[in-house]
Amino acid sequence: MLVSGTDGVGTKLKIAFAAELHGTIGIDLVAMCVNDIVTRGAEPLFFLDYYATGKLDTEVATAVVAGIAEGCRQAGCALIGGETAEMPDMYGAGEYDLAGFAVGAVERDAMLPSGTIVPGDILLGLASSGLHSNGFSLVRRLVEDQGLSYGDPAPFDREKSLGEALLEPTRIYVKSCLATVASVAGAGGGLKALAHITGGGLLENPPRVLPDDTAAVIDTGSWPVPPVFAWLASAGGMEAGEMARTFNCGIGMVAVVAPEDTASITRALEAQGETVYSIGVVTNRADGAAAVVLNGADEAWLT
């Protein structure tokens, strides 16, 4: 089966413009596409990019495309081409936009979700590298409200500028997840589903891979929340539910696994370099009940 995905980087680009840091934004572009298609169990085969700008700055474009090539290397797919467009009436000086498109393949009987998810299955959270590529319109507003410059030291990481910290590239989970699927027996083995935590955060993405009559109960105290999220919650006066709907809050991918396979799959993911937390469980869901329940989602979670 062929699986395809297309996406962009959103307004994270605005921070790259302001900070004049363009070397990693291409990794984000690849990640947003390939992390989506791996949730079907598909191996990315090739990638295409679209780069649009008012007037081509070859130094900036070279940095961006180098990031795209690095993202493809991390994902194990080929960068086979793309399109560069100059449209001076569309973009201001120094601005550009990006879009990406990936195609992958998976054997029909190995597609995820497996269709065998039942109450009692375990939710494993794979640590994110930071904000990834969602919620940046709000992030930029909060930076402005706080009177900060992207060249200032990051309030949550004094060893980096704010621009560098916020532009930390999206983690690519392809190789680790595919290697883990391949290491367990049967069609997907005990790894039953993968949910990429992008727009909609922890509240809207896990239900996409769960049966309609089940819910994800997530223990918010089961993993350390990176400091950037605590800073955003404080700067924006945001409640835990709003944070969980907007950001990944430290979890970039969620795996649904059979209880008896939790230990072996955790070891397999960790062997591939992932940081893995057991963050919750699948339960029965009554009609009209929430598809995701955050246990312990109080103010202390994000401090």
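Which residues have the most contacts inside the largest nonpolar core? They are Tyr-96, Leu-166 and Phe-247, in a core of 94 residues. The legends below refer to a predicted model.

**Figure 1. Overview of the chain, with 10 helices and 12 strands.** The radius of gyration is 19 Å, close to the 19 Å that the globule rule gives for 303 residues, so the chain is as compact as a globular protein of that length. The C-alpha trace spans about 55 × 45 × 35 Å along its principal axes. Of the 303 residues, 50% count as buried. The accessible surface comes to about 13,000 Å², and carbon and sulfur atoms hold 50% of that area. Among contacts with a separation of 6 or more, 85% are between residues 24 or more positions apart.

**Figure 2. The largest nonpolar core, centred in this view on Leu-166.** The core has 94 residues, and helix H2 (residues 25–37) supplies the largest share of them, eight residues. Leaving out residues up to four places away in sequence, Leu-166 touches Lys-12, Ile-15, Leu-131, Phe-136, Val-139, Val-143, Tyr-150, Phe-156 and Val-228. As background, nonpolar side chains tend to be buried together in soluble globular proteins.

**Figure 3. The stacked pair Tyr-51 and Tyr-96.** The model has five aromatic pairs. In this one the ring centres are 5.2 Å apart and the planes meet at 20 degrees; planes under 30 degrees apart count as stacked, so the pair falls in that class. Tyr-51 belongs to strand S2 (residues 43–53) and Tyr-96 to strand S4 (residues 96–105), so the pair ties together parts that are 45 residues apart in sequence. Tyr-51 is buried, with a relative accessible area of 3%, and Tyr-96 is buried with a relative accessibility of 3%. Ring pairs also link Phe-17 with Tyr-51 and Tyr-96 into a cluster. Tyr-96 is one of the residues with the most contacts inside the largest nonpolar core.

**Figure 4. The edge-to-face pair Trp-223 and Trp-301.** The ring centres lie 6.0 Å apart and the planes are at 85 degrees; the class begins over 60 degrees, so this pair is edge-to-face. Trp-223 sits in the loop between strand S9 (214–219) and helix H8 (227–236). Trp-301 is in the segment after strand S12 (292–295), and the pair links distant parts of the chain, 78 residues apart. Both Trp-223 and Trp-301 are buried.

**Figure 5. Helix H4 (residues 136–145) and its buried side.** Phe-136, Leu-138, Val-139, Leu-142 and Val-143 are buried. These residues cover an arc of only 150 degrees around the axis, which puts them on the same side of H4. Arg-141, Glu-144 and Asp-145 are exposed on the other side. The buried residues of H4 pack against helix H1 (12–19), helix H5 (162–166), H8 and helix H9 (240–246). Phe-136, Val-139 and Val-143 are among the residues that Leu-166 touches. After H4 comes Gly-147, which has a positive phi, near 70 degrees.

**Figure 6. Surroundings of Ile-68 in helix H3 (residues 58–75).** Ile-68 is buried, with a relative accessible area of 0%. Apart from neighbours within four places in sequence, its contacts are Gly-26, Ile-27, Leu-29, Val-30, Phe-47, Asp-49 and Leu-79. Thr-39 is 29 residues from Ile-68 in sequence, and their C-alpha atoms are 21 Å apart in space.

**Figure 7. Surroundings of Ser-176 in helix H6 (residues 174–183).** Ser-176 has a relative accessible area of 4% and is buried; the limit is 20%, so the residue falls under it. Not counting residues up to four places away in sequence, Ser-176 touches Leu-269, Gln-272 and Glu-274.

**Figure 8. Gly-200 in the loop between strand S8 (191–196) and helix H7 (201–204).** Gly-200 counts as buried at 10% relative accessibility. Beyond residues up to four places away in sequence, Gly-200 touches Asn-205, Ala-244 and Arg-245. The C-alpha atoms of Gly-200 and Gly-288 are separated by 19 Å, with the two residues 88 apart along the chain.

Conventions:
Residues numbered from 1 in each chain as written. Predicted model: local features only at pLDDT ≥ 70, side-chain atom pairs only at ≥ 80, totals over all residues. Heavy atoms only, no water. Phe/Tyr/Trp six-rings, centres within 6.5 Å; stacked < 30°, edge-to-face > 60°. Helix = DSSP H or I, 4+ residues; strand = E, 2+ residues; numbered from the N terminus. Buried < 20%, exposed > 50% of the residue type's maximum accessible area, 1.4 Å probe, protein only. Arc of directions from axis to C-beta. Contact = heavy atoms within 4.5 Å. Core = buried A, V, L, I, M, F, W, Y, C linked by side-chain atoms within 4.5 Å. Rg over C-alpha atoms; globule rule 2.2 N^0.38 Å. Areas by Shrake-Rupley, 256 points an atom, 1.4 Å probe, with all protein chains shown as cover.
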